[in-house]
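Biologist: Pick one part of this model and take me through it closely. Keep it brisk, and give cut-offs as you go.

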Amino acid sequence: MTTPAQPPSPPPGDGPVRGRDGALARLSAGVAALAAGTGGTWIVEGREGLGASRLLHAVADDARRRGVRVLAGDAAAGGDPVRAALLGGPAPVTGPDGTPDVVALLTALQGAVGRAAAAGPVLVVLDDLHRADAAALLALRVLVPRLAARPVGWLVAVRTDAAGTDVRDVVERLRDQGAEPLHLAPLEPAAVAAVVADVLGPDPGPALLGLADAAGGRPRDLLALLAGLAEEDATTRRDGVLVPRTPDVAPARFAALLQARAAALPPEARRLLRAAGLLGDEVGFAPLAALLGVPASALVQPLRAAIAARLLDGDGHDLRLPHPLVGAALRAGLTAADRAELRDLALAAVPPDGVPTPALAGVVAAAAEPPDARAAALLRRAAEALASRDPARAAALSRRALELTPGDAADRSGLVAATVDLLRDAGDLARARALAAAALARDVDAADQARVRLALARLVAATSFADAARDSAAAAAGAGVPAGVRAQLLAAQALAEVMAGDAAAAEATASRARELAAHADEPTAATTALTVLSMAAFDRTDWDRALALVEEALAVTQRAGGAEHDLWAPPTSWRALLRSACGRTDEAVRDADRGIGLARGRGQSAAVRLWHGTRARVLLDAGRLAEARDEADAGLALVRPGEQADLAELTVGFVRCRVGLLTGDGSTRHITRARAARMLAAEPPSVRSAGAWLAVLLADAEGDRATVRRQAPALAAAVDGSGPAMAAPLDVADVPLLVRAALDAGADVAAASAVRAVVRRAALAPAYPVLTAAALHARALLAGDPVLLAEAVERFALVPRPLPRAAAHEHLGRLLAASDPGGAARHLEAALALLRPTGAAAPIRRIEDALRALGGTPAGPAPTAGPTGWAALSPAERRVAEAAADGGTNRELGERLHLSGNTVATHLRRAYAKLGVASRVELVRVVRERHAAESDDA
């Protein structure tokens with residue numbers, strides 16, 4: 001009889017077995033009993049690649065350490081595992097006539113085991129039982145119960161996805177006879193993380209663990225992936241954490257494993273997987289059927305094969321790639337012929353001049369090779385269709401269209417301009433700038449150059465208003481510029497001029513742009529020009545006309561098909577700011593809520609940044625300080641170094657500092673000082689005025705009268721000249737604060753100048769209470785007149801802006817302190833009642849001190865860092881808390897809510913503080929209790 005073969009070589013990976021603690025514990029207990037003389041049978045069941053061989057090898061090593069003899073064989077080459085383990089090889093046992101003899105085989109097997117057991121306990125290890133032939137299976141079926149009284153253990157591994165009827169029957173019989181089943185499932189995340197650390201090193205980061213998810217918890221695939229990463233030196237350490245260098249590239253070893261698995265499938269399944277690889281995230285029943293040109297019913301069998309091979313996931317309603325790396329591996333295996341076939345199929349699926357679905361456009365983008373004018377035209381149509389709802393994707397398709405467009409194509413520069421605009425809308429300003437510069441370096445005609453310069457001017461405006469105005473003016477003045485493009489250039493110039501603070505120049509330029517736009521039938525230019533004219537009218541305090549012009553701009557947008565996404569300064573954003581400045585706060589908040597929701601829903605990064613600033617300013621005016629702070633933080637998180645310098649300073653930067661000063665956030669003062677200095681050194685007058693106002697607010701809070709005296713004259717001149725442009729901060733409701741600070745600092749001339757300016761403005765628009773109240777308030781402070789100030793208080797009651805109204809009450813209370821302490825206390829209490837819901841801790845503390853000086857006790861709660869409890873959460877904090885209770889990382893929550901991960905973290909941190917919790921687990925408890933209470937109330 002042949003001596004049993006040596007045990008098989010261990011499968012890849014010689015570290016500890018991870019994620020199988022329960023199975024190892026049960027098998028270890030069985031081996032211990034076997035070493036003591038009690039046999040048993042254990043059946044390890046699971047799909048291919050789940051680590052059964054590695055588990056069997058570990059158990060065999062454990063048995064040897066306990067003195068148990070192990071009989072095992074290597075049947076990996078396709079032989080019979082029973083013969084390999086017990087007879088030393090796969091050779092058949094035959095009778096006298098040379099035919100297979102089951103009786104002879106059974107005798108040989110029993111003799112091999114019996115002789116081994118005579119010397120002590122024996123563990124028979126049978127891996128891949130599905131490879132056994134019928135004779136060996138029958139012998140095993142008889143042999144196990146026959147040797148039950150001997151110290152023999154049987155450790156059997158069965159692939160559930162490959163076992164035939166005969167194998168399943170044997171397994172069922174062994175179970176009936178007392179065999180213990182152990183089912184292997186994919187590894188849990190903690191076990192996967194442990195394997196990653198074993199192979200690649202400690203502290204694997206989330207990105208690397210996300211890459212490991214491509215293995216689906218299957219140890220064989222995981223080890224192939226990790227071995228590939230190690231071979232290619234594809235990981236590195238950042239801040240002590242192990243991260244992948246190229247998270248979207250499948251290592252060659254892992255790709256080869258998946259490609260081999262695909263190659264073993266039937267032809268139709270292989271063809272389907274080639275299509276699925278190019279479809280990527282867009283894979284689904286309908287896209288696959290459209291691309292392959294077959295009915296969905298024809299995909300059923302190929303899909304089953306692909307899903308069984310774990311190269312696709314599906315549940316009958318949904319279909320997807322298991323992981324982006326699987327798609328990357330499938331794409332890496334495509335030949336040039338495969339790509340050409342898929343490109344032709346995708347083009348054939350779209351009617352001539354039709355708009356392709358995003359899925360088909362993605363296939364063309366991935367499969368076409370330049371030059372390919374037909375593919376470029378299709379991608380351009382797809383980008384135009386996606387521009388309003390997904391500019392990032394539209395920009396990617398437009399860039400690919402450029403790559404495929406022949407260099408001498410007549411409309412290449414027009415495509416460049418469109419791509420620059422899309423990249424700007426998507427927030428990719430660096431790439432947009434580089435593309436425009438490269439296009440202008442080429443020898444193109446005047447019309448094409450003008451189109452590119454228009455796109456570049458819109459882009460430059462994100463960084464510098466003055467540069468954008470100059471560039472637009474220079475391009476508009478060029479010869480050979482089409483009328484429609486010239487109108488758009490003039491409109492861009494006007495908008496940059498008004499944002500820079502030159503309202504008179506902006507009005508003149510906008511009037512020219514409006515006239516030319518009407519002649520050229522260019523609605524984009526017309527809308528922008530009307531918006532600028534509205535800003536200029538506001539600057540002149542012709543507020544009725546300002547409101548009428550912005551409504552006219554919106555009407556033009558609607559008549560043009562609602563193409564507001566084409567405008568880099570949507571009139572809706574200006575209308576929200578205009579309404580807020582005019583005292584129509586509730587309408588402004590509704591505008592801002594709707595605008596940011598639309599921008600997020602469409603994925604328009606540039607528009608989202610614009611709306612963060614708009615909404616932050618509107619919420620500040622409404623006295624909703626916590627929400628204004630959150631909105632400003634969200635906007636600041638999206639600002640990249642060197643981008644949006646002027647606009648960011650005027651909007652989110654200013655609001656964040658202003659809120660910090662109002663809420664008494666000590667950490668804000670250093671930031672405010674630095675931001676004010678930066679703004680004071682800027683070129684645009686509007687930014688310098690904003691910086692001066694921040695400097696005055698900070699100096700006033702710190703008692704720095706010299707700085708107030710130095711900056712007050714310029715601010716008084718700003719009140720007398722340019723008013724708020726877009727989101728510029730010094731509006732009429734701020735003027736009394738400037739007057740009071742200037743008077744306290746001894747800058748009486750500046751204070752008087754500001755008073756004259758605001759009184760003049762109030763006379764021009766007497767129908768607006770916010771303006772007339774501010775004028776009364778400023779006059780009263782200059783004159784020290786409590787009667788005038790009482791009129792201002794009454795007038796402010798008509799304006800839904802709590803902060804200026806509270807300031808009027810406070811100042812009146814201070815004026816009355818000497819002559820009417822009781823009246824003074826009543827007005828100070830009224831100011832506190834207005835301020836407490838806003839969380840403006842700094843003025844609250846100041847007013848409470850004034851009340852105590854009068855001998856009174858402030859009513860209401862002691863000042864805190866802010867309100868607490870569920871009701872204290874802002875709508876944004878509430879949305880994030882609700883989403884977090886459903887699970888997901890900050891990045892996943894951000895994708896779901898169209899926020900950045902940093903913004904989600906900020907909202908969660910504030911929600912934790914207000915709810916008094918310290919972890920996500922506690923947050924989930926609070927949210928669930930809230931839901932339960934609401935359900936009970938219902």
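Modeller: Buried means under 20% relative accessible area, exposed over 50% and partly exposed in between (1.4 Å probe, protein chains only). This is a predicted model, where local features need pLDDT of at least 70, side-chain atom pairs count only at pLDDT 80 or more, and totals for chains, interfaces and linings use all residues. Residues are numbered from 1 along each chain as its sequence is written, and side-chain values use heavy atoms, without hydrogens or water.

Take helix H37, residues 769-783 (helices are DSSP runs of H or I, at least four residues; strands are E, at least two; both are numbered from the N terminus). H37 has 15 residues and spans 21 Å from first to last C-alpha. That is close to the 21 Å expected at 1.5 Å a residue (1.5 Å times one less than the number of residues). Of the 15 residues in H37, 12 are buried, so the helix is largely enclosed by the rest of the structure. The buried set runs Pro769, Val770, Leu771, Thr772, Ala773, Ala774, Ala775, Leu776, His777 and Ala778, then Ala780 and Leu781. After H37 comes Gly784, with a positive phi near 65°.

What do the buried residues of H37 pack against? The partners are H26, H27 (571-581), H35 (735-744), H36 (748-764), H38 (786-796) and H39 (802-816) (contact is heavy atoms within 4.5 Å).

Follow H26 outward. H26 (543-559) also packs with H25 (523-539): the axes come within 8 Å and cross at roughly 170° (lines fitted to C-alpha atoms over the stretch in contact; angles run from 0 to 180 degrees between N-to-C directions). The two are therefore roughly antiparallel (over 145 degrees). H25 supplies residues including Leu530, Leu533 and Phe538, and H26 supplies others, among them Trp543, Leu549 and Val556. By class, this contact has 12 nonpolar, 4 polar and 2 charged residues (nonpolar: Ala, Val, Leu, Ile, Met, Phe, Trp, Tyr, Cys, Pro; charged: Asp, Glu, Lys, Arg; polar: the others, Gly among them).

The loop between H25 and H26 holds Thr541. Phi of Thr541 is near 65°, a positive value in a residue other than glycine. Thr541 is buried, at a relative accessible area of 2%.

One helix further back, H24 (503-520) and H25 have axes within 8 Å of each other, crossing at roughly 150°. H24 and H25 are therefore roughly antiparallel too. Ala506, Ala510 and Ala517 are among the H24 residues in this contact, and Ala526, Leu530 and Leu533 among those of H25. Its classes are 12 nonpolar, 1 polar and 3 charged residues.

Technical notes: Angles under 35 degrees count as roughly parallel, over 145 as roughly antiparallel, 65 to 115 as roughly perpendicular and the rest as oblique.
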